[in-house]
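The following note collects points on the model for a colleague at the bench. Please read it with the structure open.

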Amino acid sequence: MTRYPRRAGRLVLRAGSLTAGLGLWQLLTALHVNVWVRFSQFPTVTDVARTFADRLSGPDYWTDLTDSLTRIVTGFLLAAVLGVATGVLVARSRLAEDLLGPVLEVVRPIPAIAMVPVAILLFPSNEQGIVFITFTAAFFPVLVSTRHAVRALTPVWEEAVRTMGGSRWRILRCVVLPGALPGIFGGLSVGIGVSWICVISAEMISGQYGVGYRTWQDYTIVNYPGVFVGMVTIGLLGWLTSTAVELLGRRLTRWLPRTSYVPGARPRPARALMVTSTTEPAKAEEARDEHLV
């Protein structure tokens with residue numbers, strides 16, 4: 001089996017995959033292919049690129065971009081702080097679980113976009129309402145992931161710190177939060193993606209300016225290249241913010257052991273890890289654990 005290419009080769013493959021997708025899009029739309037689905041109604045890649053270039057040269061695009069990013073960052077940061085705090089509290093306090101758990105579990109299945117009428121009634125401005133929708137969308141994924149991550153911690157760690165005289169605050173700071181960080185950042189990654197979905201929807205319904213608002217306006221005037229410009233912008237913004245959250249999580253959890261998964265790579269032979277158990281049982285156990293990881 002051939003060795004999987006390194007980083008430069010992977011970048012070439014990814015760029016080639018994206019280029020092939022754009023080429024297929026251009027081909028199907030330029031030839032007006034209609035086989036069950038109607039590509040004749042789609043704008044071509046060149047039409048979208050031309051409209052994108054025109055938008056970049058105007059002030060409205062950057063105003064929309066700034067407004068959407070401000071709403072996302074504000075709502076997501078509030079959800080991150082309150083979601084982590086509430087998740088830890090519910091996971092470690094039976095009283096908090098009994099008081100907050102029923103309310104949270106009833107509200108959690110409600111889609112965040114369904115909160116738009118509530119936001120309109122509660123807040124005096126559309127801006128505050130959209131931030132509230134964004135906050136609600138990210139809050140529950142962060143809450144649930146934090147709660148599960150804290151409950152999954154090994155009790156031995158906490159007991160060891162308590163035996164050495166550690167206070168509750170020290171246990172929280174040195175055991176609970178570091179141990180739950182991987183799960184917390186899993187919830188943050190999900191939350192930022194859901195936030196983008198809901199903020200764009202909220203901007204379409206009740207926003208003034210923003211990527212979602214502009215995309216809906218293009219749809220109402222049948223400007224389909226403009227609609228696709230909005231879609232591409234949303235995709236790029238979502239990818240960049242998700243990558244930022246993932247990189248931050250990797251940096252804060254760099255003390256964790258990393259496993260390198262290489263698709264298509266040949267696994268190491270088991271006999272290379274075998275050690276005679278009769279002579280060195282401890283090393284044999286360690287080798288088996290390493291092989292499982």
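**Notes on the predicted model**

1. Ile171 is located in helix 8, which spans residues 168-206. The model is a predicted one, and the remarks below should be read accordingly. With a relative accessibility of 3%, Ile171 counts as buried, because the limit for that class is under 20%. Its C-alpha atom is separated by 6.6 Å from that of Val161, a residue 10 places away along the chain. When neighbours within four places in sequence are left aside, the contacts of Ile171 are Arg92, Glu158, Val161, Arg162, Gly166 and Val176. Val161 therefore appears among the contacts of a residue that is classed as buried.

2. As to the overall architecture, the protein contains 11 helices and 2 strands. Their order along the sequence is α-β-β-α-α-α-α-α-α-α-α-α-α. The protein has 293 residues, of which 33% count as buried. Among contacts with a separation of 6 or more, 68% are between residues 24 or more positions apart.

3. The charged pairs deserve a separate point. Side chains of opposite charge can pair when their charged atoms come close. The model has 9 salt bridges. One of them joins Arg55 to Asp218, with 2.9 Å between the closest N and O atoms. Arg55 belongs to helix 2 (residues 45-56) and Asp218 to helix 9 (residues 211-220), so this pair ties together parts that lie 163 residues apart in sequence. Asp218 has a relative accessibility of 5% and is therefore classed as buried.

4. Which residue forms a salt bridge with Arg151? The partner is Glu97, and the closest N and O atoms of the pair are 3.0 Å apart. Since Arg151 lies in helix 6 (residues 126-151) and Glu97 in helix 4 (residues 94-107), the bridge ties together parts 54 residues apart in sequence. Arg151, at 40% relative accessibility, counts as partly exposed. Glu97, at 32%, is also partly exposed.

5. Another salt bridge is formed by Glu105 and Arg147, whose closest N and O atoms are 3.1 Å apart. Glu105 is in helix 4 and Arg147 in helix 6, so the pair ties together parts separated by 42 residues in sequence. Is each partner buried or partly exposed? Glu105 is partly exposed, at 31% relative accessibility, whereas Arg147 is buried, at 14%. In addition, salt bridges with shared partners join Arg71, Glu127 and Glu203 into one network.

6. Arg147 merits a further remark. Leaving aside neighbours within four places in sequence, this residue of helix 6 is in contact with Gly87, Val90, Ala91 and Glu105. Its salt-bridge partner Glu105 is thus one of the residues listed as contacts of Arg147.

7. How do helix 4 and helix 6 cross? Their axes come within 12 Å and cross at roughly 135 degrees. This angle makes helix 4 oblique to helix 6, because over 145 degrees would be needed for the pair to count as roughly antiparallel. The crossing of helix 4 and helix 6 is left-handed. On the helix 4 side, the contact is made by Glu97, Leu104, Glu105 and Val107; on the helix 6 side, by Phe139, Phe140, Leu143, Arg147 and Arg151. The residues of this contact comprise 5 nonpolar and 4 charged, with no polar ones. Among those residues are Glu97 and Arg151, which form a salt bridge, and Glu105 and Arg147, which form another.

8. A second helix pair is helix 3 (residues 59-92) with helix 10 (residues 224-252), which pack at an angle of about 40 degrees with their axes 12 Å apart. Helix 3 is therefore oblique to helix 10, as an angle under 35 degrees would be required for roughly parallel. The crossing in this case is right-handed. Helix 3 contributes Tyr61, Leu65, Leu69 and Phe76 to the contact, and helix 10 contributes Val229, Thr233, Leu237 and Val245.

9. What is the make-up of the contact of helix 3 with helix 10? Its residues divide into 7 nonpolar and 1 polar, with no charged residue. In the contact of helix 4 with helix 6, by comparison, 4 residues are charged and none is polar.

Definitions and conventions
Residues are numbered from 1 along each chain as its sequence is written. This is a predicted model: local features need pLDDT of at least 70, side-chain atom pairs count only at pLDDT 80 or more; totals for chains, interfaces and linings use all residues. Side-chain values use heavy atoms; hydrogens and water are left out. A salt bridge is a side-chain nitrogen of Lys or Arg within 4 Å of a carboxyl oxygen of Asp or Glu. Buried means under 20% relative accessible area, exposed over 50%, partly exposed in between (1.4 Å probe, protein chains only). Axes are lines fitted to C-alpha atoms, for helices over the stretch in contact, and angles run from 0 to 180 degrees between N-to-C directions. Angles under 35 degrees count as roughly parallel, over 145 as roughly antiparallel, 65 to 115 as roughly perpendicular and the rest as oblique. A crossing is left-handed if the near helix is turned anticlockwise from the far one by less than a right angle, and right-handed if clockwise. Contact means heavy atoms within 4.5 Å. Ala, Val, Leu, Ile, Met, Phe, Trp, Tyr, Cys and Pro count as nonpolar, Asp, Glu, Lys and Arg as charged, and the others, Gly among them, as polar.
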